[in-house]
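Have a look at the structure below and turn it around a few times. Then read on for a short tour of it.

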Amino acid sequence: MRVILIAAKELAFAKTRLGAALGAGERIELARAMFRDVLNAAACARAADHVAVISSDRSLLELANQAGAIIIDEEFPRGLNAAVGLATGALVAEGARTVCTLLSDIPLVTADDIDEVFAAHQRLAAGAGGLGAESVAVILVPSRDLTGTNMMVRAPGDVIPTRFGSHSLARHLHECRTRNLACEVIRMPRPSVDLDVLEDLIEFVRVPTNTHTFGQLARLGLVQG
């Protein structure tokens with residue numbers, strides 16, 4: 001079973017690095033818009049059997065439920081890696097073999113991007129001598145600056161722990177090498193874009209997109225006429 005897992009912070013604690021540029025309510029609405037874009041992409045992907053969302057935010061879990069996703073209530077903010085670990089364990093226990101984890105602040109990601117990552121994983125696994133996606137393998141999709149990890153596919157789903165945060169790409173690569181796992185880094189333009197600081201927002205709105213995120217930034221007055 002293949003599952004897409006979206007990990008989302010409680011909205012009140014999201015995008016705090018934008019605090020100097022946006023008020024608390026504005027950050028909440030921006031984070032919600034980004035989540036909706038990522039959720040829509042995941043719901044339209046064809047390569048996965050299910051979409052799951054873990055969060056302690058009731059409004060995000062309700063959006064996920066309305067979209068037909070599996071909802072996993074984090075109950076309280078545990079930190080990103082602890083939350084992903086909790087959700088992954090629950091999904092593996094229910095039969096998930098391959099887990100594609102997405103962060104909730106990559107609003108340009110598309111269903112095609114997600115399908116492409118699953119396909120890349122299947123090719124890597126087959127090349128490693130396994131039966132397609134059933135083999136042990138990891139795919140990493142880095143952030144634009146090549147330090148973070150914005151998407152990853154793991155099979156088995158818990159084959160390595162996640163190390164999201166500072167320099168996570170290097171940390172994930174180290175985990176794979178330590179365990180002698182088949183691993184590949186794939187650079188993808190749309191999933192590489194995350195929005196953490198004001199400069200990211202300014203760059204994002206340079207090119208109009210049909211996303212909830214672009215619409216929210218327009219409402220905030222960041223889109224130049």
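What follows goes through a pocket, a pair of cysteines, some backbone details and a few residues with their surroundings.

This is a predicted model, so be aware that local features need pLDDT of at least 70 and side-chain atom pairs count only at pLDDT 80 or more, while totals for chains, interfaces and linings use all residues. Residues are numbered from 1 along each chain as its sequence is written, and side-chain values use heavy atoms, with hydrogens and water left out.

**The largest pocket**

Let's start with the open space. The largest pocket has a volume of about 790 Å³. A pocket here is an open set of points on a 1 Å grid over the protein atoms alone, where a 1.4 Å probe fits, with protein on both sides within 12 Å along at least five of seven lines; lining residues have an atom within 4 Å of a point. There are 32 lining residues, and K15, L103, D105, D194 and D196 are the closest to the pocket's centre.

Which helix and strand each supply at least two residues of the lining? They are α1 (24-44) and β6 (149-155). The largest share, 3 residues, comes from α1. Helices (H or I, at least four residues) and strands (E, at least two) are DSSP runs, numbered from the N terminus.

Sorted by class, the lining has 12 nonpolar, 11 polar and 9 charged residues. For this sorting, Ala, Val, Leu, Ile, Met, Phe, Trp, Tyr, Cys and Pro count as nonpolar, Asp, Glu, Lys and Arg as charged, and the others, Gly among them, as polar.

**Two cysteines without a bond**

How many disulfides (pairs of cysteine sulfur atoms within 2.5 Å) does the whole structure hold? A search finds 0 of them. Take C176: the closest cysteine sulfur sits in C183, and at 3.7 Å that is too far for a bond. Seen from the other side, C183 is in no disulfide either, with the sulfur of C176 as its nearest cysteine sulfur.

Is C176 buried or exposed? C176 counts as buried because its relative accessibility is 1%, whereas C183, at 25%, counts as partly exposed. The cut-offs are these: buried means under 20% relative accessible area, exposed over 50%, and partly exposed in between (1.4 Å probe, protein chains only).

**Backbone details**

Now follow the chain out of β6. A cis peptide bond joins A155 and P156, with omega at about -10°, and P156 has its place in the loop between β6 and α5 (168-178). H167 is found in that loop between β6 and α5 too, and its phi is near 55°, a positive value in a residue other than glycine.

N180 also has a positive phi, about 55°, although it is not a glycine. Look for N180 in the loop between α5 and β7 (182-185). With a relative accessible area of 69%, N180 is exposed.

**Some buried residues**

Here are four residues to find in the structure.

| Residue | Place | Relative accessible area |
|---|---|---|
| T162 | loop between β6 and α5 | 7% |
| L18 | loop between β1 (2-7) and α1 | 1% |
| I54 | strand β2 (residues 50-55) | 0% |
| S192 | loop between β7 and α6 (198-204) | 10% |

What does each of them touch? Contact means heavy atoms within 4.5 Å, and for each residue the neighbours up to four places away in sequence are left aside.

T162 touches N81, V84, M152, R154 and H172. With N81 there is something extra: the two side chains make a polar contact at 2.9 Å. A polar contact is a pair of N or O atoms within 3.5 Å; within protein, one must be able to donate a hydrogen and the other to accept it, and residues adjacent in sequence count only if both atoms are side-chain atoms.

L18 is in contact with R27, L30, D196, V197, L198 and L201. One of these, D196, is also among the residues closest to the centre of the largest pocket.

The contacts of I54 are L5, I6, A7, A8, I72, E74, A83, L86 and A87. Check out A87 in particular: I54 and A87 are 33 residues apart in sequence, and their C-alpha atoms are 6.4 Å apart in space. For another pair, try L18 and M152, which are 134 residues apart along the chain and have C-alpha atoms separated by 25 Å.

Last comes S192, which touches P142, S143, R144 and N150.

Definitions and conventions
Grid points are joined across faces, edges and corners, and a volume is the space filled by probe spheres set on the points. A disulfide is a pair of cysteine sulfur atoms within 2.5 Å.
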